[in-house]
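Reader: Got a minute to go through this one with me? I'd like to start with how the helices pack.

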Amino acid sequence: MKNNLLIFTFGFLALPVFGWAQSAPDFRELLDSAMVRDSDLKMQITQNKLTDLDAHKLKDIFLPTLEVSGQVGYLNGTARLTSPEINLTPFIRIPEGSFNNNLNVSGFSGIAKTDAKMLLYSGGKVKYLKKAIEEKKMSEDILLEKTKDEVVANISKAYDQLALIHQSKKVLDESKKRLDINRKTADKALGYGLITPYDHKKIELAQATLDAKVVEYEGKKELLLTQLYILTGINKERLRVIEPVLEPVELLSPEKGIDQRAEIRALEHGIVAADYKIKAERTWMIPKVQLMASAYYIGLYGSRIKTSENIIPAIPLIGYEGARLDWRPTNINIFPLITAGVGFKWEIFDGKEGKHAEETAKIGKEILQNQKEDALKKLTLNLANNQTNYNIASAQITLKAKEKELAKNALVQAEKEFRYGMSKSSQLIDAENDLEVSELEYQNAIFNQRRAGIELMRSTQELDIAKLYQP
């Protein structure tokens, strides 16, 4: 009794998990999974991070910078001193060059320096560049919409292809059932001598052809399941239980115009960004101001300071021979040596470098304007073309539905005539093939109409999956 209770409890808890694992994903789940895995979308998002980085760099440009540098080395320098002429007639006259001496300083030196700088005013360049980056960011975000629409179109196409395959399988199954019934009728007719063995073989050939089509169907289905697995990452066992149905999509006239297309809106933001870039480049003539501060340490160790000649002249009257400088201080240090203040940089003439940068920015804006003009022409034609394709595809559904109805009635008539021996098996098989072809063409017409509908919605950036797939 306890064992049965445990088995029942385990089965009750495990059943929902097992059922969820085998549940068929709906289109929304397929799309969400594809959005996460799409390589183009991930690449575009990664590239857009560079713009975010540029924005952060501009925010940090007014932060102070601190730089520490230093060096240690051996110092050996000599300065030659030559006295000028001193003429204080009649008291004293010392001719030029009467005093020649070399002053030599040597030893190990150490220098350390700390520099701090902070930009106070950039002439407005940073302000304009910041706005240009904001516009560029909006442009990139809008282009993400276009990439996402492409992902929706790709997943929708694969999903509808899977639905088309399922519908094809149903058509083949119905054909197989009818052929099985007609095969029994043919067996009886052959036994009664109402048909020839040749006519009987035609029924068998039709069944073999149908079996080959079933094998082809399985191959196409497996290929589509593999494609959906690659696009979404959802395991094939769950994808295999999807049973989508093709339904025509009913669309009204587009509510928006081509000016809502992602390409146009992105170019408009790009043009605004170019305007800000031009303004930023014009600031080359405005002075830039920054705060600066420095601290130095200078040290001389194991040093020797000497002269080649006497610095105290000889006095012969008292027998004094003079003295040279030969000083060996333990060390000499200068610290702190501090400078601080505000500095500015004003490029009055920069070799027209700033002017060339401004002209380059203007050309960039002109290119974007030309691209927008060209895009408007192409997208206008694209909208008209997609509207025409959608109207034609919708009309084809009506036509193919009528052809399917006529083929169905013809098959019913052919089966009756074959059953009563009024027609040959070839006529029955032709009627069967006609119905099979008309049913497949009808499903293809729905598939094509859905593709045309998606492209029409994309023409004005109105792609709405709720109109394509009812929850």
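Author: Sure, one definition up front: an axis here is a line fitted to C-alpha atoms, for helices over the stretch in contact, and angles run from 0 to 180 degrees between N-to-C directions. Helices (H or I, at least four residues) and strands (E, at least two) are DSSP runs, numbered from the N terminus.

Reader: And what am I looking at, where do the numbers come from?

Author: It's a predicted model, where local features need pLDDT of at least 70, side-chain atom pairs count only at pLDDT 80 or more, and totals for chains, interfaces and linings use all residues. Residues are numbered from 1 along each chain as its sequence is written, and side-chain values use heavy atoms, with hydrogens and water left out.

Reader: OK, how do α8 and α9 cross?

Author: Their axes come within 7 Å, at an angle of roughly 160°. α8 and α9 are therefore roughly antiparallel to each other. For that label, angles under 35 degrees count as roughly parallel, over 145 as roughly antiparallel, 65 to 115 as roughly perpendicular and the rest as oblique.

Reader: Which hand is the crossing of α8 and α9, left or right?

Author: Left-handed, meaning the near helix is turned anticlockwise from the far one by less than a right angle; clockwise would be right-handed. The contact of α8 with α9 involves 18 nonpolar, 13 polar and 10 charged residues. Ala, Val, Leu, Ile, Met, Phe, Trp, Tyr, Cys and Pro count as nonpolar, Asp, Glu, Lys and Arg as charged, and the others, Gly among them, as polar.

Reader: What about α7 against α8?

Author: The axes of α7 (residues 262–281) and α8 (residues 353–419) come within 9 Å and cross at roughly 165°. That makes α7 roughly antiparallel to α8. This crossing is left-handed too, and the contact of α7 with α8 has 11 nonpolar, four polar and eight charged residues.

Reader: How far does α9 reach, end to end?

Author: From first C-alpha to last, α9 (residues 425–459, so 35 residues by count) reaches 50 Å, close to the 51 Å expected at 1.5 Å a residue. The expected span is 1.5 Å times one less than the number of residues.

Reader: What comes after α9, anything with odd backbone angles?

Author: Gln461 follows α9 and sits in the loop between α9 and α10 (465–468). Its phi is near 60°, positive in a residue other than glycine.

Reader: Is Gln461 buried or exposed?

Author: Gln461 counts as buried, at 14% relative accessibility. Buried means under 20% relative accessible area, exposed over 50%, partly exposed in between (1.4 Å probe, protein chains only).

Reader: Switching topic: where's Arg261, and what does its side chain reach?

Author: Arg261 is in the loop between α6 (236–240) and α7. Its side chain reaches the backbone oxygen of Arg458 at 3.0 Å. Arg261 counts as buried, with 10% relative accessibility.

Reader: And Trp284, buried or exposed?

Author: Trp284 counts as buried at 18%, and is found in the loop between α7 and β5 (288–312). Its C-alpha is 8.2 Å from that of Lys355, 71 residues apart along the chain.

Reader: Last one, prolines. Which peptide bond is cis at Pro336?

Author: The one from Phe335 to Pro336, with omega near -5°; Pro336 lies in strand β7 (residues 331–345). Pro197, in helix α5 (residues 197–232), counts as exposed at 55% relative accessibility.

Conventions. Polar contact = N/O pair within 3.5 Å; in protein donor to acceptor, adjacent residues only side chain to side chain.
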